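Okay everyone, thanks for coming. Have the sequence and the model open in front of you, and we'll walk through the fold together.

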Amino acid sequence: MRKRGINDWIDPWLLLLLLTLLAYGLVVLYSAGGPVLVERQAIRILMGLVAMLVIAQIRPERFEQFTPLIFVGSVVLLFGVLFFGITVKGAKRWLDLGISIQPSELCKFTVPMMVAWIMRHAALPPDWKHVFGSLLVIGLCTGLIYQQPDLGTSILIALSGLFVIYLAGISWKLIIGGGILAVLASPVVWHFMHEYQKQRVLMFLNPESDPLNRGWNIIQSKIAIGSGGVNGKGWQQGSQTQLDFLPEHSTDFILSVLSEEFGFIGVLALFILYTLIIMRCLFIAAQAKNTYNRLICGALTLIFFVYITINAGMISGVFPVVGVPLPLVSYGGTSVLTLLASFGIMMSVHTHKKLIQQ
Amino acid sequence: MGKVLKQPIREKRLFQERAWVAMGIVIVVFLLLLSRYFYLQVIKHDHYLSEADNNRIKSHRITPTRGLIFDRNGTLLAENKTAYRLQVISEKAPDFVQQLDQLKQWIQLSEDNINDIKATAKYNPAFKPITIKEHLNEDEVAAFAVNQHRFPGFHIAPYLVRQYNHAEVMSHVIGYVSKINAEEYAQKDQSRYAADDYVGKLGLEKYHEEDLHGTPGMLRTETNARGRQLNQEVAVAPSHGKTLHLTIDLRLQQASYEAFGEETGAAIAVNPNNGEILAMVSKPGYDINQFIAGISHQNYQALLQSPDKPLFNRSIKGGYEPGSTIKPYMALAGLHHKLITPETTMFSTGSYQLPNQERKYHDWKRGGHGKVDLTDSLAESVNVFFYDLAVKLGIDRIESFLKPFQFGQLTGLDIAGEKRGILPSRQWKKANRDMIWFPGETVITGIGQGYFVITPVQMAQALTILASKGKINPIHLVKRDINTAYLPMQLSEAHWQAVHEGMSAVINAPNGTARALASDKYLFAGKSGTSQVFGKSEEDIYKKNEELPKHLRNHALFIAFAPVEQPEIAVVVVAEHGASGTKAAAPIAKKIMDAYMRIHHPEWWEATDA
């Protein structure tokens with residue numbers, strides 16, 4: 001037996017990058033929300049880090065083993081929401097089981113895990129049966145979450161599953177064909193969309209049409225970003241943030257705060273950090289010992305990327321406003337816990353890549 | 001799933017290929033996103049920075065304080081007083097419209113007021129105060145203060161508003177300010193005026209608007225997204241309006257106003273040595289204070305329809321025939337053109353006829369005045385003497401001689417609204433009546449009738465020149481340095497002396513028309529005149545004007561200066577429908593001069609009283 005080194009417990013590179021990003025996020029949060037929010041968020045981050053390190057010690061085989069079970073569990077919970085959910089602001093997303101939980105958050109893991117589990121049993125590239133089975137899994141969860149209604153999460157969950165199919169090596173022809181089909185289907189989707197969702201899309205297309213109401217957020221966010229310039233206005237010096245012109249500046253719009261106070265240089269630094277994290281995670285995935293591990297790591301990484309893209313695109317007026325936080329930076333417990341847990345899975349894959357081979 | 005043939009190496013390679021593609025997509029997407037941020041933060045930075053400042057910084061105007069107006073002795077005539085307005089902030093009182101009915105117990109509010117407030121409330125931001133009522137009276141302020149606890153969100157706010165002291169007496173000089181209207185606002189420099197500013201509408205307030213208004217300052221307020229003020233700084237201090245120091249002596253102004261008693265008319269007192277107007281009244285005046293807050297329709301109609309026309313500024317707008325008050329000027333013209341000398345005599349038979357013409361031009365005295373010289377002709381106001389003189393002068397010489405005395409021209413007095421008089425001439429008649437000049441018109445021009453029209457200020461200017469023996473000191477209301485000019489024609493001292501003596505004889509000679517008014521304190525010179533209200537038939541000429549109904553009676557004029565040797569004050573009085581210059585206008589002029597002398601030469605009274 002060789003001597004166990006640090007790489008057998010954690011991935012030091014990934015940990016270092018994550019800690020840097022989390023610290024950067026807390027600095028911005030301090031300016032956006034003050035010391036009280038920083039304190040609360042720091043506690044959640046610590047909890048998340050502990051969870052990450054614990055998960056990193058679990059053998060990936062365990063996740064694989066329990067995948068069908070937890071997937072079924074999450075679907076049961078989604079049905080539970082459908083019948084017994086708590087309605088908040090017109091949407092039924094929560095389930096009260098002593099503590100309130102949001103099963104759709106759980107699906108962010110269970111759907112890609114389930115699809116990876118299906119692919120693990122296929123010879124890759126997958127044949128149509130496995131692809132069809134995967135699409136059923138994805139469609140079921142996406143549909144249940146969409147009707148809550150929660151358009152943003154349902155799209156993300158659909159994507160997380162589709163990423164697994166992509167990484168499994170489905171042929172490019174099918175990917176392109178599927179893409180064309182999606183574009184053609186969009187009028188149908190529009191027809192079935194809720195009025196407020198249609199409003200969001202319309203407002204995204206022309207935010208100035210309604211400057212004091214729904215368009216306000218995007219306009220103020222763009223002002224915050226643009227007025228930051230190259231070097232930014234300085235920490236705690238952003239007028240858009242400090243004078244409350246910027247909405248939800250601790251949560252969904254925290255990147256606007258960062259842009260205003262640290263300027264383009266600050267944004268660049270953030271994206272470099274994110275790029276390095278994604279590169280490291282894809283590297284871990286590529287080095288993984290089996291297909292399941294590869295697919296789950298790859299899918300979680302790409303979902304992380306999608307989060308970043310949607311949030312950064314939304315607040316700068318490239319995408320419609322969808323309530324997606326900026327990963328590991330926005331204030332909020334669920335997001336940081338689930339993300340750090342997913343990095344825990346990746347670390348587990350990293351630390352366990354060689355043991356079996358021995 | 002059954003048994004499948006797995007190919008681990010191939011699967012790994014397949015995954016790595018897909019991961020590379022994914023990484024490529026990640027980098028491309030991130031670069032696209034960064035280019036979006038680069039566009040917003042670098043290329044459009046200036047635009048968004050100014051947007052951010054617009055968000056944050058609200059500029060408020062600091063209304064400049066309007067310039068004060070003082071009389072020559074430093075008595076405050078126009079000032080700015082704190083007034084109170086009731087306001088409400090709808091954010092703090094969402095149901096304030098319902099409370100207005102309750103508020104009516106203490107604050108007078110009409111249905112119109114309430115409807116206006118409701119209309120304003122629809123568009124007014126919740127944090128911005130809405131004015132419920134301006135110019136609260138003391139009772140309203142006190143009543144509201146006691147009941148304030150019933151009206152959360154309501155408050156009383158102070159502001160400055162114009163206040164006139166001695167409003168009625170000073171009304172036609174000062175004019176008034178009132179809220180600027182849309183038309184006026186459109187013509188103003190909008191960096192200096194706000195849509196709810198006060199602006200001079202009449203009189204000095206209008207003429208000196210530029211100086212009085214001042215330039216507003218700017219208050220920069222940093223506000224948050226809800227419009228709440230965070231901090232304020234004065235970015236530009238306002239420059240307040242300039243103070244006006246008038247030439248008017250309030251004491252003399254009051255004396256002049258009171259001298260009219262119940263009569264209507266106008267009086268102007270000028271220092272002929274410097275053109276300073278010491279008093280200028282148009283009777284009746286009115287309370288200019290009621291215009292500031294906006295006069296009620298009812299009160300305004302009452303002012304408009306009053307037969308005494310209180311809103312009409314007779315001093316600058318009233319057009320009157322000069323009548324016999326023109327005679328001293330005619331005498332000067334005759335002397336200057338060597339048509340008469342101080343010794344020239346003529347025989348007045350009571351009428352005058354142009355050669356080969358039927359029409360008789362009458363003396364005011366039936367049967368005539370007999371043999372008269374120049375002094376007698378002025379003292380007794382002998383028409384025939386001046387008919388003859390006018391005909392000898394001819395209309396062209398009359399016009400060119402009188403013009404430098406500013407007849408028929410604007411005096412340029414520093415007050416808004418002056419009307420031009422008429423100095424008759426061939427040219428004027430051609431232009432305005434499209435007719436040639438008839439010789440008979442020259443005859444009546446000699447006694448200041450016909451087309452001749454003067455305004456009291458114009459007459460005051462001419463009298464200033466006459467009293468100062470040819471010095472043209474422009475008359476003015478606001479103290480300033482003036483440049484004395486001189487008449488273009490050289491008039492000898494003897495000629496001036498002859499006319500001054502003639503005017504002195506009007507009061508001080510036994511045959512003077514105003515001999516009843518002679519003063520034992522000082523010597524003054526004068527000349528009465530009658531301004532015809534309607535042309536009269538021949539039979540009516542000798543009819544006593546006093547017997548006619550008042551509104552048909554002639555206007556009475558009197559011009560005077562004193563003391564004769566060294567004139568300090570020149571006075572023009574028009575007593576409307578006063579009928580007789582000597583009986584109606586001259587006593588008013590005398591009272592004004594007495595008031596002046598009592599202020600400036602009290603020793604003359606002490607010496608005799610003792």
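I'll take the two chains in turn, then how they touch, and then the nonpolar cores.

One thing up front: this is a predicted model.

Let's start with chain A. Chain A has 12 helices and three strands, and of its 358 residues, 48% count as buried. If you take contacts in chain A between residues at least 6 apart in sequence, 70% of those join residues at least 24 apart.

Now find helix α4 of chain A, residues 128–146. How far apart should its ends be? With 19 residues at 1.5 Å a residue, α4 of chain A should span 27 Å, and the end C-alpha atoms are 26 Å apart, so the two agree. Quite a list of residues is buried in α4(A), including His130(A), Val131(A), Ser134(A), Cys141(A) and Tyr146(A). And what covers the buried residues of α4(A)? The cover includes α2 (60–84), α3 (103–120) and α5 (151–167) of chain A.

While we're on α2 of chain A, have a look at Ile70(A), which lies in that helix. Is Ile70(A) buried or partly exposed? A residue needs 20 or more other C-beta atoms within 10 Å to count as buried; Ile70(A) has 15, so it comes out as partly exposed. Ile70(A) also makes a nice sequence-versus-space example: Val111(A) is 41 residues away in sequence, yet the C-alpha atoms are 9.8 Å apart.

Next, the sheet in chain A. It's an open sheet of three strands, in the order β1-β2-β3, with antiparallel pairing. β1 (86–88) and β3 (99–101) of chain A sit at the edges with a single partner strand each, so each has one side without a neighbour in the sheet. On average, neighbouring strands here are turned by 40 degrees against each other, ignoring direction. If you zoom in on β2 of chain A, residues 91–97, you'll see three bridges joining it to β3(A) in the antiparallel sense. One pair to click on is Asp96(A) with its bridge partner in β3(A), Ser100(A).

Over to chain B. Here we've got 22 helices and 21 strands, and buried residues make up 41% of the 610 residues. For contacts in chain B with a separation of 6 or more, 73% are between residues 24 or more positions apart.

There's an open sheet in chain B too, this one with five strands in the order β12-β11-β21-β20-β19, paired antiparallel. Which strands are at the edges? Those are β12 (276–283) and β19 (525–531) of chain B, each pairing on one side only. In this sheet the average turn between neighbouring strands is 10 degrees, again ignoring direction. β19(B) is joined to β20 of chain B, residues 555–562, by seven bridges, and the two run antiparallel. In that pairing, Gly526(B) has Ala560(B) in β20(B) as its bridge partner.

Now go to helix α10 of chain B, residues 250–259, which is mostly covered, with seven of its 10 residues buried. Among them are Leu250(B), Gln253(B), Ser256(B) and Tyr257(B). The cover over the buried residues of α10(B) includes α6 (167–174), β11 (265–271), β12 and α21 (581–600) of chain B. Following α10(B) you'll find Gly261(B), with a positive phi near 60 degrees.

So where do the chains meet? The contact takes 37 residues from chain B and 43 residues from chain A. On the chain B side, α1 (8–43) and α2 (45–56) are the elements that give two or more residues. α1(B) gives the most, with 20 residues. By type, the chain B side divides into 22 nonpolar, seven polar and eight charged residues.

Last topic, the cores. The largest nonpolar core has 126 residues, and Ala267(B), Ile268(B), Val571(B) and Ile592(B) are among those with the most contacts inside it. Helix α16 of chain B, residues 383–402, gives the most to this core, with 12 residues. What does Val571(B) touch? Leaving out residues up to four places away in sequence, Val571(B) touches Ala267(B), Ala269(B), Ala560(B), Ala589(B), Ile592(B) and Met593(B). You've met Ala560(B) already, as the bridge partner of Gly526(B). Then there's a second, separate core of 109 residues, which includes Phe63(A), Ala122(A), Leu326(A) and Ala22(B).

That's the tour.

Technical notes
Residues numbered from 1 in each chain as written. Chains lettered and ligands numbered in written order. Predicted model: local features only at pLDDT ≥ 70, side-chain atom pairs only at ≥ 80, totals over all residues. Helix = DSSP H or I, 4+ residues; strand = E, 2+ residues; numbered from the N terminus. Expected span 1.5 Å × (residues − 1). Buried ≥ 20, exposed ≤ 12 C-beta atoms within 10 Å, placed from the backbone. Contact = placed C-beta atoms within 7 Å. Pairing = 2+ DSSP bridges. Axes fitted to C-alpha atoms, helices over the stretch in contact; angles between N-to-C directions. Nonpolar A, V, L, I, M, F, W, Y, C, P; charged D, E, K, R; others polar. Core = buried A, V, L, I, M, F, W, Y, C linked by C-beta atoms within 7 Å.
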